[in-house]
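Here are a few exercises to work through with the model open beside you. Try each task before you read its solution.

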Amino acid sequence: MRISLLIISLFVFLSCVEKYDFNVVAKQQGLVIEASISNVSFMETLNFPSDGRYFGVVIKKVSDVDNIRDERVSGAKVVLEDSEGNSWQYDEREMTAGEYFLNEAQFAAVEGRQYKLDITLPDGAHFYSNWEEMPKGHNEIDSFYIEEESPFQYVWYASERVVRRVDGFNLHAKMREEDQAYYKWSFDPTWIFKAELVLEENSPKRKCWVTSDYYLDDFVLSDLKAGDVDQKMFFIPTSGNERLFYYFSTLVHQEKLSQGYYEFWRELQDQQDKGGLYDRPPYGVSTNFVSDSENYTVNGYFGVSSEYTTRWVFDPYALSYGIENNLYEICLIASQAPDQCTDCRLYNMGHALNYPPDWWSR
């Protein structure tokens, strides 16, 4: 996803990390690779609790800066290697072309060992990453707390977009860092939604468990110094937020990164206005991948992180005020009740299923 112009800085830590200007002149095919591993195996992720996560690789081809829609690359050979001479091959997901997963339930990165990713496309083009190592040291969240806040935000009122104060809260995490370190936080929320006009509690249309890739989808980065840390995670509005009415939780992923991996995410965050890693070519973003093919440029990063993940559950009694559930009244007074008032599976703010996730009873 970048042209052959290479800028190497000899004055920074990332001297082994390359930067490119993406396809501004050359008409090469660009490849985007998203890949990472951590010290937490699939079996350990079940204890978050969650339904589990295998380590994955996503490969896409993108075109020039005209932003023609990219395409996923199927049929690639994806191999993970370590500095001890071991190797593992990824499997392609049957239902999702271009997505590969490491079908090793017990595999986890080991401190002090180096790893690299090797990829060969069906046309023979070859790509490989630098050797990467997991950051050392402590990585754990000690506690969470809620801080109430009412910031000014744009809201819709009487069919107009206006600025109003919005009641809500910030979630903070407290921890202690032993030395300077680089962190990234991301979130996977789950909540319960009920169809308010379905009065029978046991009806399959009444209660749904919802997940979403678009709610709390921003990631947080921080370059931490040694000492006590109080880190803001995210802000959630409370007024009229149906996600909080019955149950709300989120997985909080805390990843300790190498400086190179941190810089990749920081540069990508700086360009969020342009879309994202796959929506529009990111200019000048670091990569640790190299291409053997003159027909391709390459972008993305193979990261090896120290991971700590826990599920935070919202406690409404932690607020100084109650949250009003007015969905029933809204459904009654609507001139035409939304479908989600009578069937929770039609809720349009996430992926809704009328049965609990596998981890629910753990």
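**Exercise 1: a charged patch**

Task: find which residues gather in a patch of negative charge on the surface.

Solution: Asp188, Asp213, Asp217 and Asp218 make up this negative surface patch. To count, patch residues need over 30% relative accessible area (Shrake-Rupley, 1.4 Å probe, with only the protein chains shown as cover) and no salt bridge, and like charges are joined within 9 Å. Asp and Glu are the negative ones, while His and the chain ends are not counted; an Asp charge is placed at CG and a Glu charge at CD. Next, place Asp218: it sits in the loop between β17 (207-211) and β18 (220-224). Strands here are DSSP E runs of at least two residues, and helices are H or I runs of at least four, numbered from the N terminus.

This is a predicted model, numbered from 1 along each chain, with local features needing pLDDT of at least 70 and side-chain atom pairs 80 or more, while totals for chains, interfaces and linings use all residues. Side-chain values use heavy atoms, leaving out hydrogens and water.

**Exercise 2: backbone oddities**

Task: work out what is unusual about phi at Leu216, and which peptide bond is cis.

Solution: Leu216 isn't a glycine, yet its phi is positive, about 55°. Leu216 is also in the β17-β18 loop. The cis bond runs from Phe48 to Pro49, with omega near 5°, and Pro49 lies in the loop between α1 (42-45) and β3 (56-62).

**Exercise 3: a salt bridge**

Task: say what the Glu99 and Arg72 pair ties together.

Solution: their side chains form a salt bridge at 2.7 Å, N to O (Lys or Arg side-chain nitrogen within 4 Å of an Asp or Glu carboxyl oxygen). Glu99 is in β8 (99-101) and Arg72 in β4 (71-72), so the pair links parts 27 residues apart in sequence.

Note on methods
Patches are made of residues with over 30% relative accessible area and no salt bridge: like charges are joined within 9 Å, nonpolar side chains (Val, Leu, Ile, Met, Phe, Trp, Tyr) within 5 Å.
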